[in-house]
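Here is a short report on one protein chain, written to be read beside its sequence and model. It starts with a single helix and works outward.

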Amino acid sequence: MDLEGLVAEARERRPQPMPARERAVAAGMAIAYLAAAAIVGALVASHDRPLHLGTVVGLVLLTSLTMRAQFEIGAGVASPVSLAVVPMLFLVPLHLVPLLVPLAQVISRIPDFVTRKAHFDRWLYAFADWWPILGPVLLLGLFAPGPPSGDHLTIYLAALASQMLLGLANVVVGDVLIYGVSSMQAMRIAGWAYGIGMILTPVAYVTAVVAMKDPIALATIVPLLWLLTVFSRERKERYAAALELSQTYRGTVMVLSDVVEADDNYTAYHCRSVVELATSVGQHLKMKPDELQELEIAALLHDVGKIAIPKEILNKPARLTDAEFELMKTHTLEGQALLDRIGGRLSRVGTIVRSCHERWDGKGYPDGLIGEEIPLAARIVFCCDAYSAMTTTRPYRTAMPRSEAIAELQTNAGSQFEPRIVESLIRVLDETEEVAPSYSDAVRAVLAGQRVAAAQVEATAS
């Protein structure tokens, strides 16, 4: 799923109670964190510095404010928390830091709990999210427990690296176990989040150096924090606008798919069949999430231009004449024109729809494109479209058996179809059974930005 889709899911999820699986994973991570924090605290306690209550309270409140400046990234958020946490590592007894940072996070979430933007049971993440702090606490406590000093630069860099590694591991474990995000995608998201911390760490370190002599210097963080808060709000608004526009596109796709279904039952069934095949082939070819989403929509709407074709031709119970076939061929242009009028993402889908009958050897229509000139999504839809048509009964012929249709694909690989796509489609077919899927479920899966997996379709059909 793309970042917009993950952000949308996260926004919808936060006000809801945690499902049993999520609660169990979060609680397990929180309990393990508290146990690890106790061990780390015991190891560094003998090297600790004195407690100044006013400084501790000020840093906890400052940390909670930095956590309010949230930048949504996929399933999680990033915040400029290093602006306050780095000074805390030098000004507060180290054995308390693993408890003070989660306390700051709970305080930062109170407005969300009160306004019900987040469900209260998500306080567990205040502990489950803070494994990264244990690395710096342990290294500083054992090897550089004193005030900031250039002599300890190597230790500081090692502490920063340990925070990054623990953070990546924490995000990957949490996102994979709880949300089912792929480990590579989780690492990319975590990289963005911790990149913000790395950029701000030098500023936070200089602030800590000055605050060692005069803690009031911590107040210099506030103007920068205010600026970052403004940026985070603008980012949230941009995401909200993008998600609203995406929902508009999805609603448009729903309307168009309903029109196709009402206009021609065969075209409706055929389109949903192509959606599932094309999606599986796209996954097999490791297409990017945004490309895969456009492929899904194009597969669903590749015949939408047929609503402009006269009914007597569209539903003719015999083979078309040459003149009728020439008119039928215009449905790709009609489909593109229709989607162009909508604009945005559907305009890009329209270019795919236009090319869904181009042949690998250049003998297709409407533009006679050849080989790589044809959009990849259009090549996939064309191949899956042909297989679905061959294996579907029409008024003028019966459906081909699967084996004969596959043999026909192989015969025309390199001329009509791209060989790589034929090979991928055959592999997909070998892994699936012939079942009649639910049209509504297939459409909803596309509109939700989810993958239309064959196993899900089989489960629905049964």
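How many residues does helix 5 have, and how far does helix 5 reach from its first C-alpha to its last? This is a predicted model. In it, helix 5 covers residues 97-115, which is 19 residues. Its span is 29 Å, close to the 27 Å expected at 1.5 Å a residue.

**Helix 5 and its surroundings**

Helix 5 is bent. The bend is about 40 degrees and sits at Arg-109. A proline, Pro-111, follows within four residues.

Many side chains of this helix can be checked for burial. The buried residues of helix 5 are Val-97, Pro-98, Leu-100, Val-101, Pro-102, Ala-104, Gln-105, Ser-108, Arg-109, Asp-112 and Phe-113. Arg-109, where the helix bends, is thus on the buried list. What covers these buried residues? The cover includes helix 2, helix 3 (53-68), helix 4 (82-91), helix 6 (125-128) and helix 7.

Ser-64 gives a view from the other side. Ser-64 is in helix 3. Is Ser-64 buried or exposed? Ser-64 counts as buried because its relative accessibility is 5%, and the cut-off for buried is under 20%. Leaving out residues up to four places away in sequence, Ser-64 touches Ala-104, Ile-107 and Ser-108. Ala-104 and Ser-108 are themselves among the buried residues of helix 5.

**After helix 5**

Arg-116 comes just after helix 5. Arg-116 lies in the loop between helix 5 and helix 6. Its phi is positive, about 65 degrees, although Arg-116 is not a glycine. At 71% relative accessibility, Arg-116 counts as exposed.

Lys-286 also has a positive phi, near 60 degrees, in a residue other than glycine. Lys-286 is in the loop between helix 11 (265-284) and helix 12 (289-301). Lys-286 counts as exposed, with 72% relative accessibility.

One further backbone feature is a cis peptide bond. The bond runs from Tyr-365 to Pro-366, with omega near 10 degrees. Pro-366 is in the loop between helix 16 (345-354) and helix 17 (376-390).

**A buried pair and a buried methionine**

Side chains of opposite charge can pair when their charged atoms come close. Glu-22 and Arg-122 form a salt bridge, with their closest N and O atoms 2.8 Å apart. Glu-22 lies in helix 2 and Arg-122 in the loop between helix 5 and helix 6, so the pair ties together parts that are 100 residues apart in sequence. Both Glu-22 and Arg-122 are buried.

Met-18 belongs to the loop between helix 1 (3-13) and helix 2. Met-18 is buried, with a relative accessible area of 3%. Which residues are in contact with Met-18, leaving aside neighbours within four places in sequence? They are Arg-23, Ala-26, Asp-121, Arg-122, Leu-124 and Tyr-125. So Arg-122 is in contact with Met-18 and is bridged to Glu-22. Met-18 and His-119 are 101 residues apart in sequence, yet 8.0 Å apart in space, C-alpha to C-alpha.

**Salt bridges**

A search of the whole structure finds 15 salt bridges. Three of them are listed here.

| Salt bridge | N to O distance |
|---|---|
| Glu-22 and Arg-122 | 2.8 Å |
| Asp-361 and Arg-359 | 2.8 Å |
| Glu-423 and Arg-427 | 3.0 Å |

Asp-361 is partly exposed, at 23% relative accessible area. Glu-423 and Arg-427 both sit in helix 19 (residues 419-430). They are four residues apart, about one turn of the helix. Glu-423 is partly exposed at 42% relative accessible area. Arg-427 is partly exposed at 42% relative accessibility. Salt bridges that share partners also join Glu-372, Arg-379, Glu-418 and Arg-420 into one network.

**The surface and the whole chain**

Ile-39, Leu-43, Leu-142 and Phe-143 make a nonpolar surface patch of about 390 Å². Helix 2 (20-44) and helix 7 (134-143) each supply at least two residues of it. Leu-43 is in helix 2, and at 43% relative accessibility Leu-43 counts as partly exposed.

The protein chain has 21 helices and two strands. Buried residues make up 49% of its 462 residues. Among contacts with a separation of 6 or more, 71% join residues 24 or more positions apart. The chain exposes about 21,600 Å², and carbon and sulfur atoms supply 62% of that area.

How values were computed
Residues are numbered from 1 along each chain as its sequence is written. This is a predicted model: local features need pLDDT of at least 70, side-chain atom pairs count only at pLDDT 80 or more; totals for chains, interfaces and linings use all residues. Side-chain values use heavy atoms; hydrogens and water are left out. Patches are made of residues with over 30% relative accessible area and no salt bridge: like charges are joined within 9 Å, nonpolar side chains (Val, Leu, Ile, Met, Phe, Trp, Tyr) within 5 Å. Accessible areas come from the Shrake-Rupley method with a 1.4 Å probe; for residues, only the protein chains shown count as cover. A salt bridge is a side-chain nitrogen of Lys or Arg within 4 Å of a carboxyl oxygen of Asp or Glu. Buried means under 20% relative accessible area, exposed over 50%, partly exposed in between (1.4 Å probe, protein chains only). The expected span of a helix is 1.5 Å times one less than its number of residues. The bend at a residue is the angle between axes fitted to the seven residues ending there and the seven starting there. Contact means heavy atoms within 4.5 Å.
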